[in-house]
Protein chains: 4
Amino acid sequence: MVSESKVTVRYAETDQMGITHHSVYPIWYELARTDLIKKLGITYTQMEQSGVITPLVDLHCRYIGVSRYEDELIVKAWVQGLTAARIEFGYEVCRAGESKPINTGSTMHAWVDAKTFRPMNMKKRFPQWFEGIRQMMEENSKPCPKTY
Amino acid sequence: MVSESKVTVRYAETDQMGITHHSVYPIWYELARTDLIKKLGITYTQMEQSGVITPLVDLHCRYIGVSRYEDELIVKAWVQGLTAARIEFGYEVCRAGESKPINTGSTMHAWVDAKTFRPMNMKKRFPQWFEGIRQMMEENSKPCPKTY
Amino acid sequence: MVSESKVTVRYAETDQMGITHHSVYPIWYELARTDLIKKLGITYTQMEQSGVITPLVDLHCRYIGVSRYEDELIVKAWVQGLTAARIEFGYEVCRAGESKPINTGSTMHAWVDAKTFRPMNMKKRFPQWFEGIRQMMEENSKPCPKTY
Amino acid sequence: MVSESKVTVRYAETDQMGITHHSVYPIWYELARTDLIKKLGITYTQMEQSGVITPLVDLHCRYIGVSRYEDELIVKAWVQGLTAARIEFGYEVCRAGESKPINTGSTMHAWVDAKTFRPMNMKKRFPQWFEGIRQMMEENSKPCPKTY
């Protein structure tokens, strides 16, 4: 399953080159994976309240084109890797109505216990959520977006 | 007492007008009051760990001039109001070596219990800190910066 | 005329108090006035390309309640003051489906020439846009949202 | 040559996990390479005014540990790749006084003409700056920080 989130570039997100600052794309990735997780019938907020947090361990962004103030964009997100210890998401950012991405990326997250900040075995601790995510990953249509 | 904090404008803080985005000044105010509180011998982090948080209830900024990428600025901060329920800070942002501010502002904060998110009587709960802040406010040299 | 823009709180917009950081509200105001201006049939982007920029000269925010990650909010914006030299917007942020604001604010902007960064007489330079904005302001239904 | 820039974590840079939000590290990288370039005797601002901009084409961050509000950090930056068309920087973020990084990363930038937004041959257009950067890269002491 690939989710699609719509964003419009905010003025504050531009820089003096007149384009969206590169540090904004990871923030868009984040709202896209929030939307993706919601499709499972749970929310990140519920996950955190249940004691699971998912800090980043790795971030990769490729900037292919630029975006500008007021541009309407679609951010696609999908799960591209899952283990008991980690989850990896893939992303594509396209202009609304276009299929060629202006940006692609990936983020790797650890499953971490919110109280101890220690690694957690997601498969054992929340087997149902784990299974739901696993199925979501498998449903990725072929040919799925190329992972970065 | 008036603290002075040095900041250099970051690229990400600019917008497509080629100037520092206005939403950045409140963030500079925040680091300036962090520095001011440190002069009391305590840190915001210690305050929060002791159970006191200070969410904003009011923010006022006046933009007199502009700043640009790589500009070196001084952010002055001082306490300009204190009650058992609230604290108010004043701010001035100047270019390094200049005395005329390019920006002035103020923030009003509530003393709030970190666990309950309810108002707290700072004077009763932490009388020593309260007294320290009160003295800091009185030490404001005259003529002190004009509050906004 | 009062525009309404929908925002969902992003994870990056939260701080360690677990609430939306106060510096984010001015950014939401900005996207709300972008939407408001669009209702005139023009865009901020077109205005800037025509040589008009509108840097802030004054910002005021009142924080009445808090918002948290994933909260769905409505940001209302309207014009509450207009002269040849300046324009003032008013704002209210409410939870979706509620009418009591959690935040109210206002921003005052100068009409400035993009090339010279000097004040500009908007009424003379772009009389049609000026008139459009003036009418938009007058259409504010009574009782309109209380200006801050 | 490896530059070292000091940063103190700002409150606004934290998120509801109580740690620095991951999107902040690329902003720290940016101020670190600003400082590195200054060591050449030129500034980014001068480069941009001369018609060269350097948009990102690739960003990679590895998050090894966390940082928190008020933490004092050192951001190291160095040039780790240079061609007529591109420049690559490497980064390490350490706690002040420690040598083990909590974060490492790299950014790849294109040399782009500010007016046309088209690729530019830096070696031909600004041979002196190019040579200065090349020498700076060669001066990287061995063993230099491991590039990511």
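**Notebook: four chains, two kinds of contact**

I began in chain B of this predicted model, where strand β4 (residues 72-82) and strand β5 (residues 86-95) run antiparallel and are joined by nine bridges. I picked one pair to follow by eye: B:Trp78 has B:Gly90 as its bridge partner in β5(B).

Next I looked at what lies against these strands. Helix α1 (residues 25-38) of chain B packs on the sheet and touches β1, β3 (56-63), β4, β5 and β6 (103-110) of that chain. I noted the angle as well: the direction of this helix makes about 70 degrees with that of β4(B).

**Entry: the whole sheet**

I then asked myself which strands form the open sheet, and in what order. Following the pairing from one end to the other, I wrote down β1(B)-β4(B)-β5(B)-β6(B)-β3(B)-β3(C)-β6(C)-β5(C)-β4(C)-β1(C). That is ten strands with antiparallel pairing, and the order passes from chain B to chain C at β3(B)-β3(C). The edges are β1 (3-8) of chain B and β1 (3-8) of chain C, each of which pairs on one side only. On average, neighbouring strands here are turned by 20 degrees against each other, with direction ignored. A reminder to myself on the pairing itself: strands of a sheet pair through backbone hydrogen bonds, either parallel or antiparallel.

I checked chain C for its helix too. Helix α1 (residues 25-38) of chain C lies across β1, β3 (56-63), β4 (72-82), β5 (86-95) and β6 (103-110) of chain C. It runs at about 70 degrees to β4(C).

**Entry: chain A against chain D**

Here I moved to the other two chains. I found 17 residues of chain A in contact with 17 residues of chain D. On the chain A side, α1 (25-38) and β3 (56-63) each supply at least two residues. The largest share, eight residues, comes from β3(A). I sorted that side by class and got twelve nonpolar, three polar and two charged residues.

How do β3(A) and strand β3 (residues 56-63) of chain D pair, parallel or antiparallel? They pair in the antiparallel sense, over five bridges. I took one of the bridge pairs across the chains: A:Asp58 has D:Arg62 in β3(D) as its partner.

Then I looked up the symmetry. Chain A is superposed on chain D by a rotation of 180 degrees with 0.0 Å of shift along the axis, at an RMSD of 0.0 Å. That is the relation of a two-fold axis. I wanted to know which residue of chain A has the C-alpha nearest the axis; it is A:His60, at 2.3 Å. I also compared the two sides: 100% of the interface residues of chain A are also interface residues in chain D, so the copies meet through the same surface.

**Entry: chain D against chain B**

Chain D has a second partner to look at. Twelve residues from chain D and twelve residues from chain B make this contact. On the chain D side, α1 (25-38) and α2 (44-49) each give at least two residues, and the largest share, four residues, is from α1(D). By class, I noted six nonpolar, three polar and three charged residues on that side.

The superposition came next. A turn of 180 degrees and a shift of 0.0 Å along the axis lay chain D on chain B with an RMSD of 0.0 Å. In chain D, D:Val7 has the C-alpha nearest this axis, 5.1 Å from it. The same surface serves both copies here, since 100% of the contact residues of chain D recur in chain B.

**Entry: a backbone angle to look at**

I flagged A:Phe117, a residue other than glycine with a positive phi, near 60 degrees. Where is A:Phe117 found? It sits in the loop between β7 (112-113) and α3 (122-125) of chain A. I counted 15 other C-beta atoms within 10 Å, so A:Phe117 is partly exposed.

I looked up C:Phe117 as well. Its phi is near 60 degrees, again positive, and C:Phe117 is in the loop between β7 (112-113) and α3 (122-125) of chain C. C:Phe117 is partly exposed, with 15 other C-beta atoms within 10 Å.

**Entry: confidence**

Last, I noted the predictor's own scores. The mean pLDDT of chain A is 93, with 95% of its residues at 70 or more. For the complex, the predictor gives an ipTM of 0.93 and a pTM of 0.94.

Key:
Residues numbered from 1 in each chain as written. Chains lettered and ligands numbered in written order. Predicted model: local features only at pLDDT ≥ 70, side-chain atom pairs only at ≥ 80, totals over all residues. Contact = placed C-beta atoms within 7 Å. Nonpolar A, V, L, I, M, F, W, Y, C, P; charged D, E, K, R; others polar. Pairing = 2+ DSSP bridges. Axes fitted to C-alpha atoms, helices over the stretch in contact; angles between N-to-C directions. Least-squares fit on C-alpha atoms with pLDDT ≥ 70 in both. pLDDT = per-residue confidence, 0-100. Buried ≥ 20, exposed ≤ 12 C-beta atoms within 10 Å, placed from the backbone.
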